[in-house]
Amino acid sequence: METVPEGIIDARSRPPIKAFIEDRTYTNLTRTLGNVAARGWTITPAMRHADLDGYLGEVREAGIVRAGVPARAPNKWWGGKGNDPVFEAEEQNPDLFFVYAAVDPMREGAAESVQSLVDRGARGIVLEPGICDVPTYVDDPAINPVYEACVAAGVPALVMGGGETGPDLSFSDPARIDRVAVRFPGLTVVNVHGGWPHAQAALGVAFRRANVWMLPDVYFPGLPGEADYVKGIATFLQDRFLFATGYPFCPIQETIDRYLGFGLSDDVLAKVMRGNALRLFGLDGS
């Protein structure tokens, strides 16, 4: 097992805070934890009881110093509490949490709201068009003004591009991320969920497009495609891959241990588990 990087950054975590405790991640905790168990992960007491103090204890013990918290725009499919609760969580734990604000790209005024959210402290903008009230593909031209606003504001777009990102698998087609990356070469596109289950195709997009980053979180490690993501990390993606637990869908310490067991060099681990997030999100080095 390789050396644990100092000061790990979990780039996507959903702790049991107001932003999430009333949406389906925690209101249907039986389903969430069933997914955890089905993958062979260990369900910790903090996960089982949606215990914030327990979560904070696990974070400290694991050596995580910062955690990115993604807002979710309200929608009829998955819930979502908007941006205020994640900003409140950051205010309550400013040394740990940093925020990605969310916009519903199909709502009037979405593009105009981006700069104000960045001014408020958002480190990136979350776009989940596949779970909008009317599910929409990420490359729909109607979303272009929001992508343009992200470029103008100088922040990455965290685009849900895999997993349960829409009504069917066509919403996870990595070719759609590819089109966005080509259309907006000045935009950093973070493929949240890493295009899973289309892991190889998503990695192919990232190979071709230097403005595409990978954040498979919930879907890596421990699922089909794992070896492909690892190969990407070890080679062309080592500067554009972000460690994330997707908590509570993956336990913190076990996720870290899996990364440490892949045989990656200490230098690569330091990039994907800390340095890349520092650079992309403009975090200080604490």
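Reader: How many salt bridges does a search of the whole structure find?

Author: The search finds 15 salt bridges in this predicted model.

Reader: Why is the pairing of Asp133 and Arg107 called a salt bridge?

Author: The N to O distance between the side chains of Asp133 and Arg107 is 3.4 Å. The cut-off is 4 Å, so the pair qualifies. Asp133 lies in the loop between strand E4 and helix H8, and Arg107 in the loop between strand E3 and helix H7, so the salt bridge ties together parts that are 26 residues apart in sequence.

Reader: What makes Asp133 partly exposed?

Author: Its relative accessibility is 28%. Buried requires under 20% and exposed over 50%, so Asp133 falls in between. Arg107, at 48%, is partly exposed as well.

Reader: Why is Asp139 called buried?

Author: Asp139 has a relative accessible area of 9%, and the limit is under 20%, so the term applies. The side chain of Asp139 meets that of Arg179 in a salt bridge of 2.8 Å, N to O. Arg179 lies in helix H9 and Asp139 in the loop between E4 and H8, so this pair ties together parts that are 40 residues apart in sequence.

Reader: How do you know that Asp10 has no salt bridge?

Author: The nearest side chain of opposite charge, Arg12, is 8.6 Å away from Asp10. A salt bridge must be within 4 Å, so none is counted for this buried residue.

Reader: What makes the pairing of Asp10 with Thr245 a polar contact?

Author: Their side chains are 2.6 Å apart, and the cut-off is 3.5 Å, so the distance criterion is met. Asp10 itself is in strand E1.

Methods. Residues are numbered from 1 along each chain as its sequence is written. This is a predicted model: local features need pLDDT of at least 70, side-chain atom pairs count only at pLDDT 80 or more; totals for chains, interfaces and linings use all residues. Side-chain values use heavy atoms; hydrogens and water are left out. Helices (H or I, at least four residues) and strands (E, at least two) are DSSP runs, numbered from the N terminus. Buried means under 20% relative accessible area, exposed over 50%, partly exposed in between (1.4 Å probe, protein chains only). Lys and Arg count as positive and Asp and Glu as negative; His and the chain ends are not counted. A polar contact is a pair of N or O atoms within 3.5 Å; within protein, one must be able to donate a hydrogen and the other to accept it, and residues adjacent in sequence count only if both atoms are side-chain atoms.
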